[in-house]
Structure formats: C-alpha cells, structure tokens
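Open the model in your viewer and keep the sequence panel beside it. The stops below say what to select and what is there.

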Amino acid sequence: MDLTIKVWRQKNRKEKGKMVSYNVTGISQDSSFLEMLDILNNDLITKGEEPIAFDHDCREGICGMCSLYINGQAHGPSRGVTTCQLHMRMFNDGDTIHVEPWRSVALPVIKDLVVDRSAFDRVQHAGGFISVNTSGNSQDANAIPIEKNDADKAFDAAACIGCAACVATCKNSSAMLFVAAKVSQYAYLPQGQVERKERVQNMIKQMDKEGFGNCTNTGACEIECPKSISIDYISKMNREYLSSSFKLDK
Ligand code: SF4
Ligand code: FES
C-alpha cells in the first residue's frame, strides 16, 4: 500500500503545531498502524529528519498508552480496539490518513502526538485504590462470596485501560466514563467498601479540578471506548455520588 499520512507535528507544549504531509510506500496490509508509523519514522531518521513522537508500550491493547485520533476517530475506524491493535487492512491503497493527538484542555499536547495524561493519574490517586490487606496473610479471595452479577460488573469495569479515548471523543471533554469505571470496579466488590464513600467524592472532585467537562449523555464515549465500557457505569457512579453525600453513618 502507498499512502499519504498527514500528521500533527508540534515541537513542545508552547509552540503552535501544524499538520505535515508524508508519503509512505510498500506498507503491508498486515502491518499494524504503529508499525506503519515505525516505518515512516525510519524513513525520517534516514533522511536526517526528526521522527514523529507517539506513545506506545505493550502494543497488545493492555496499557492504554497508544492514543491517536485517526481520520477523526479515537483509535481509528475499528470498534473495540486500541490504536496498536488497528491494522492497515482497514485502509485502502492510495488513502490519505489524518493522524492527530487527543484534544482536551486537561490533556495538553507535549510533543507531536503525545499528550500529558497525568490528570488521569491524579484522579486515580484521589481514590482508585483499596486499603484492605491483600498481602499473603489476608483471607483467600475465593473464600469471599461475591454475587455473580456483581463480580461480572466489577470485572467489566476493570477492563478500562485509562487510554482517555472517552475524553478525546466527548464534545465536552468529559472523563465520566473513565472515572465511573474506576469507581464502579471497587463499589461492586467487598474489598472496595472501606473507602466507598470517600472514593467517589474524591475522584469526582479531582476530575472537576483537572478541567474535564460535564457529561451530557451523548454516548460517544461508549462507542469509541476500545474496551466497550458501558455508560451504565456513569449512572452507577451518579448513584454512588448521591448516596455518598448522605453522611448518615458518619
Ligand atoms: S473508559 Fe474506555 S475510553 Fe475511557 S479511559 Fe477507559 S478504556 Fe479508555
Ligand atoms: S500500546 Fe498498550 S494499549 Fe496500545
């Protein structure tokens, strides 16, 4: 495949960026999207030009690092996959492909296609943890009965990889789907009960502080989420938030 790749190039946080056009030739349909970028970068390095900066780590849909807006869609045209799982067979020979970073005030561009996602880390640190003992001396997890539906819901919520496609896709730059997944993951399990009330309060407080927008129920986040996290978790988080506001047992 021969392709024209239009990529957002930006030197650093302060300087203005712009779309720059590159030609790549001889790309296999079986290549991943990131492998195609690797080949483009090898060409640039050979020519003595600066390679394109982009985030990646596991390259198997686990870490959530690869975060590209491809032809106006978070993680590109395939559903339920991350950018590293996207293959070039989704495109046609001769295509022009636009590649941009996530766009959100809370996720500023650091360089080219790399954004600063430390806002997500701070939201996670505000409550995405448990304090119960899970060391070798603790009770065997299998000895704690958990209702099947609750276990399934916790497991599905835990599939969130923190990629921030939901924020990039949302017209309000809302992080509600991400935060809802994290809050719900613990709220459905006995191990998450100790900090249950504080967790939802603190994570939402930090989310607002970071400058993420509000949810207006458009549902775009659910469609673009590579892990198909349901917006039902946002309803769950809203219920958690409301009930945690009544401090009757404190
Ligand atoms: S909810 Fe989905 S889109 Fe949002 S951070 Fe988690 S995995 Fe990514
Ligand atoms: S590189 Fe880890 S999810 Fe894509």
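Start with a single pair: select I70 and V99, where V99 of β5 is the bridge partner of I70. Helices and strands here are DSSP runs (H or I, at least four residues, for helices; E, at least two, for strands), numbered from the N terminus.

Before going on, note that this is a predicted model, in which local features need pLDDT of at least 70, side-chain atom pairs count only at pLDDT 80 or more, and totals for chains, interfaces and linings use all residues. Residues are numbered from 1 along each chain as its sequence is written, while chains are lettered from A and ligands numbered from 1 in the order in which they are written.

**Stop 1: the five-stranded sheet**

Now widen the selection around I70 and V99. Strand β3 (residues 69-70) joins β5 through two bridges, and the two run antiparallel. Two strands count as paired if DSSP finds at least two bridges between them.

Next, select strand β1 (residues 3-9) and strand β5 (residues 96-100). They run parallel, joined by four bridges. Step along the pairing:

- T4 has T96 of β5 as its bridge partner.
- I5 stands opposite I97 in β5.
- V7 stands opposite V99 in β5.

V99 thus turns up again: V7 faces it, and I70 is a bridge partner of it too.

Add strand β2 (residues 18-24). β1 and β2 pair over seven bridges in the antiparallel sense. Check L3, which stands opposite V24 in β2.

In what order do the strands of the open sheet lie? The order of the five is β2-β1-β5-β3-β4, and the pairing is mixed. β2 and β4 (73-74) are the edge strands, each pairing on one side only. Colour by side chain as you go: in a regular strand the side chains alternate between the two faces of the sheet.

**Stop 2: N23**

Stay in β2 and select N23. Is N23 buried or exposed? N23 is exposed, because 10 other C-beta atoms lie within 10 Å. The cut-offs, with C-beta atoms placed from the backbone, are: buried at 20 or more other C-beta atoms within 10 Å of a residue's own, exposed at 12 or fewer, partly exposed in between. Measure across to K6: the C-alpha atoms of N23 and K6 are separated by 8.7 Å, with the two positions 17 residues apart along the chain.

**Stop 3: the two domains**

Zoom out. The domain assignment gives domain 1 (3-111) and domain 2 (117-244); such bounds come from an automatic or database assignment. Colour them separately. Their C-alpha centres lie 28 Å apart. The contact takes 18 residues from domain 1 and 17 residues from domain 2. Contact here means C-beta atoms, placed from the backbone, within 7 Å. On the domain 1 side, the residues that touch domain 2 are nine nonpolar, eight polar and one charged. The classes are: Ala, Val, Leu, Ile, Met, Phe, Trp, Tyr, Cys and Pro nonpolar; Asp, Glu, Lys and Arg charged; the others, Gly among them, polar.

**Stop 4: helix α5**

Select α5 (176-187). How many of its 12 residues are buried? The count is 12 of the 12, so α5 is largely enclosed by the rest of the structure. Among them are M176, F178, K182, Q185 and Y186. Show the cover next: it includes α2 (118-127), α3 (148-157), α4, α6 (196-209), α7 (220-224) and α8 (232-244). The end C-alpha atoms of α5 are 16 Å apart, in agreement with the 16 Å expected at 1.5 Å a residue. That expected span is 1.5 Å times one less than the number of residues.

**Stop 5: helix α6**

Move to α6. Its buried residues are K197, R199, V200, M203, I204, Q206 and M207. They pack against α2, α5 and α8. Just after α6, select G211, which takes a positive phi of about 95°.

**Stop 6: ligand 1**

Select ligand 1 and its shell. The shell has 14 residues, the closest being C160, C163, A165, C166 and C225; a residue is near if its C-beta atom, placed from the backbone, lies within 6 Å. By class, 12 are nonpolar, one is polar and one is charged. α4 (165-169) and α5 each supply at least two of them. The largest share, three residues, comes from α5.

**Last view: the whole chain**

Show everything. The protein chain has eight helices and seven strands. Its C-alpha trace spans about 65 × 35 × 35 Å along the principal axes. Of its 250 residues, 36% count as buried.

Terms used. Contact = placed C-beta atoms within 7 Å.
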